[in-house]
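Take a moment to turn the structure around on your screen before reading on. We will walk through it together, one place at a time.

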Amino acid sequence: MLSTKGVNFDWIKRYDIEAENQNTPESIAKKMLPSDPVFKACAEDVLYMRFKDIGKTVTDALKSKKPLEVINDGLVAGMEVVSKLYAEHIYYLPEIMLGAKTMEIGIALAEKQLQGGRKTKGVAVMHVAEGDPHDIGKNIAAIMMRAAGFTVIDLGRDVPVDTVVDVVAKEKPFLVTGTALMTTTMSVFPIIAGKMKAKGITIPFMSAGGAVNREFSEGFELGIYSEKAPQTPPIADKIVAGYDWKKVKAEWDNIVKGV
């Protein structure tokens, strides 16, 4: 039998269950949720996916708060916590979908009292590459973009190249994104960017999805990269603030730092 006598185990790094358990929805929410009790109640309904309760919560909130405040400081704030939990691998697809559903119910109620509707930050066109049926990543990114105040034209999956170009030319978005999970489909992204450029359209083209990487995404004109869905809104914010694709590419590390 092997003997452990005299062996020093101090160098071994043990799995710290207590520290790991500190990263819970409750602990992260404590740091991120609004302090105002009215907004906090709206945010918590989104965070904990209480889609049956959100109607009453928002209705009560609108008695003392402005509709836009309820949306931005309550509902969207809750979705930001959901996005953080997703990025930390604490929440997964079911939670983010139910959180988004809860937020959307609340926003629809608040918007009824908002003259002219909710103002959008800008329009983005999003799609999955032609020949690719995998749309989960795109769907999550679209949810996060809408939660951040952007209007999303979602073309769906397996979208022909010319359809993307035609919609971009017609709708004049500030950003177009393409997602690919299959390496056999990602090659259409430089083609789309090239056709856009031929029409004089020079907005950033964001590549994303499991098949692509930063080197590929930044390897063609107009190309920028999003490694994961939560990075899409902060990159979009920079674009609407005036960043072109070259500046996004140059400052990408700083833009997505901590996301």
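What follows is a short tour of some helix contacts and two single residues.

Keep in mind that this is a predicted model. Let us begin with a pair of helices. Find helix 5, which covers residues 67–87, and helix 7, which covers residues 136–147. Their axes come within 10 Å and cross at roughly 150°. The crossing of helix 5 and helix 7 is left-handed. Which residues make this contact? From helix 5 come V76, M79, S83 and Y86, and from helix 7 come I140, I143, M144 and A147. Sorted by class, the contact has 7 nonpolar residues, 1 polar residue and no charged ones. The polar residue is S83 because serine falls outside the nonpolar and charged classes.

Now stay with helix 7 and look at its contact with helix 6. Here the axes are 11 Å apart, and the two helices pack at an angle of about 35°. The crossing of helix 6 and helix 7 is left-handed. On the helix 6 side you will find L93, I96, M97, A100 and M103, which meet I136, I140, I143, M144 and A147 of helix 7. By class, this contact has 10 nonpolar residues, with no polar and no charged ones. Notice that I140, I143, M144 and A147 of helix 7 take part in the contact with helix 5 and in the contact with helix 6.

Next, travel along helix 6, which spans residues 93–111, until you reach G106. Is G106 buried or exposed? G106 is buried because its relative accessible area is 0%, and the cut-off for buried is under 20%. Leaving aside neighbours within four places in sequence, G106 is in contact with I54, V58 and L75. You can also look for I71: it sits 35 residues from G106 along the chain, yet the C-alpha atoms of the two are separated by 7.6 Å.

Our last stop is S217, in helix 10, which covers residues 214–217. With 0% relative accessibility, S217 also counts as buried. Where does its side chain reach? The side chain of S217 reaches the backbone oxygen of N213, at 2.9 Å. Not counting residues up to four places away in sequence, S217 touches S207, V212, G223, I224 and Y225.

Notes
Residues are numbered from 1 along each chain as its sequence is written. This is a predicted model: local features need pLDDT of at least 70, side-chain atom pairs count only at pLDDT 80 or more; totals for chains, interfaces and linings use all residues. Side-chain values use heavy atoms; hydrogens and water are left out. Axes are lines fitted to C-alpha atoms, for helices over the stretch in contact, and angles run from 0 to 180 degrees between N-to-C directions. Helices (H or I, at least four residues) and strands (E, at least two) are DSSP runs, numbered from the N terminus. A crossing is left-handed if the near helix is turned anticlockwise from the far one by less than a right angle, and right-handed if clockwise. Contact means heavy atoms within 4.5 Å. Buried means under 20% relative accessible area, exposed over 50%, partly exposed in between (1.4 Å probe, protein chains only). A polar contact is a pair of N or O atoms within 3.5 Å; within protein, one must be able to donate a hydrogen and the other to accept it, and residues adjacent in sequence count only if both atoms are side-chain atoms.
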